[in-house]
Amino acid sequence: MGACLYEPTNVYKPLAPDVGVVDGPFEYLTVGGIRLPLPFTTRMTVVRLSNRDLFLHSPIKFDEGLAMELQGVGRVRHLVSPNQFHYAHIGEWARAFPETITWASPRVRRRARARHVDVDFTRDLNAIAPEEWRSEIDQLLFPGGYFKEFVFFHKTSSTLILTDTIINLELDKISEPWRTAAKLTRMYHPYGQIFFGMRLPLLFQRRKAKAAIEKIDSWQPQRIVLSHGRWFDADADEVISRVFRAPPHRRQLS
Ligand SMILES: [Fe+2]
C-alpha cells in the first residue's frame, strides 16, 4: 500500500473552540537539495485568539481556497516556525497576507538561506511567550539539540501543540521505508514516541528536559496535536506520562 493523506486536505478541521488543524499535501524528504521519493504528511495547527487574530503553527503549503476559508475563521496574523524544519511555506502565506508577523525558530533563518527559500522572519520566538498571545498561549523551548523546538499550550482548550517532539505515524498510512523506520523507533500509533533524532541530545540535556517536562505537566493538557501522524484527542496526561516518563526516558530524564 502506498502512502495516504489525512483527507480531506486544505480544509479547517475544528478540534475545540478556537483551535483546529489543517492537513496538507505530501512533502518530500530532500537531502543535499535532491528531492527523494519519500513522502510524508504535513499538518498545520490554527489557534484563534480572542481578538480574532489567527496563529498559524507550521503553515502548510499555501492554498487559495484554504486562505479564503481561514479568513472566515479569523484574521491571518501570526505565522509560526516552531523548529528549523517547519518553515518552508511561511513566505507564501506572508506574501498573501502582508500584515502578518513571521516568527522564527532557532537556526531557521540560516537554513532558509542555505536552501534558497524566500522568507523574511520579522520576530524571534523566545522562552517567554510574546505579548501578542501570552494570555492565551504559553510556550517553551523543548530541548533536543539540532532538533529542538518550541512547543505551545492553548490554555482555554487545554491543547498541547507539538511539531516533531512526538511522532505518531499510522502504519497503514505510510509506505516503506518509513514503515520499518517507524516500527524500529516505535514512532507509530498508538505508541507515538519522542522523535528519534531528539533522544540522544536529550540525554545530554537532562536538566533542561526535566524542566520542560515539568512545565508541560503543569499545563495539564487534555489533547495533543502534532505534525506527523495521528493526534491524541484525549488522555493527554497518559500519553505524556508514557512518552516522557516511561523507561527508558524515566531513567534518562529524571
Ligand atoms: Fe517534521
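Here are some numbered notes to help you find your way around this predicted model.

1. **The iron site.** A good place to start is the iron ion. His86 and His228 each coordinate the iron ion through NE2, and Asp164 does so through OD, at 2.1 to 2.2 Å. Along the chain, these donors follow the spacing H-x77-D-x63-H. His86 sits in the loop between β7 and α2, while Asp164 sits in the loop between β12 (159–161) and β13 (166–167), so this pair ties together parts that are 78 residues apart in sequence. If you look at their surroundings, you will find that His86 and Asp164 are both buried.

2. **Helix α1 and its two faces.** Next, please turn to α1, which spans residues 64–73. Its buried residues are Leu66, Ala67, Leu70 and Val73. Around the helix axis they cover an arc of only 105°, which puts them on the same side of α1. On the face turned away from that buried side you will see the exposed residues Glu64, Met68 and Gly72.

3. **What covers α1, and how it begins.** Which elements cover the buried residues of α1? The cover includes the strands β1 (12–16), β2 (19–23), β5 (43–48), β6 (53–57) and β7 (75–80), together with helix α2 (90–96). At the N-terminal end of α1, Asp63 acts as a cap: one of its side-chain oxygens lies 3.2 Å from the backbone nitrogen of Gly65.

4. **The nonpolar cores.** In soluble globular proteins, nonpolar side chains tend to be buried together. Here, the largest nonpolar core has 23 residues, and those touching the most other members are Phe142, Ile166, Ile216, Ile224 and Phe244. The elements giving two or more residues to this core are the strands β10 (137–142) and β11 (149–154) and the helices α5 (196–204), α6 (206–219) and α7 (236–245). Another core, of 22 residues, lies apart from it; Met44, Ala67, Val76 and Phe121 are among its members. You have already met Ala67 as one of the buried residues of α1.

5. **A salt bridge from a loop to a strand.** How many salt bridges does a search of the whole structure find? The search finds 13. In one of them, the side chains of Asp18 and Arg48 meet at 2.9 Å, N to O. Asp18 belongs to the loop between β1 and β2 and Arg48 to strand β5, so the pair ties together parts that are 30 residues apart in sequence. Asp18 counts as partly exposed, at 28% relative accessibility, and Arg48 counts as partly exposed at 28% too.

6. **A salt bridge within a helix.** The side chains of Lys210 and Glu214 meet in a salt bridge at 3.2 Å, N to O. These two residues are 4 residues apart in helix α6, which means that about one helical turn separates them. Lys210 is partly exposed at 39% relative accessibility, and Glu214 is partly exposed with a relative accessible area of 41%.

7. **A salt bridge beside α7, and a network.** Asp233 and Arg223 also join their side chains in a salt bridge, at 2.9 Å, N to O. Asp233 lies in the loop between β15 (223–225) and α7, and Arg223 in strand β15, so the pair ties together parts that are 10 residues apart in sequence. Is each partner buried or partly exposed? Asp233 is partly exposed, with a relative accessible area of 45%, whereas Arg223 is buried, with 11%. Finally, have a look at Lys13, Asp23 and Arg43, which are linked in a network of salt bridges.

Definitions and conventions
Residues numbered from 1 in each chain as written. Predicted model: local features only at pLDDT ≥ 70, side-chain atom pairs only at ≥ 80, totals over all residues. Heavy atoms only, no water. Buried < 20%, exposed > 50% of the residue type's maximum accessible area, 1.4 Å probe, protein only. Arc of directions from axis to C-beta. Contact = heavy atoms within 4.5 Å. Polar contact = N/O pair within 3.5 Å; in protein donor to acceptor, adjacent residues only side chain to side chain. Donors = N, O, S within 2.8 Å, 3.2 Å for Na, K, Ca; no water. Core = buried A, V, L, I, M, F, W, Y, C linked by side-chain atoms within 4.5 Å. Salt bridge = Lys/Arg side-chain N within 4 Å of Asp/Glu carboxyl O.
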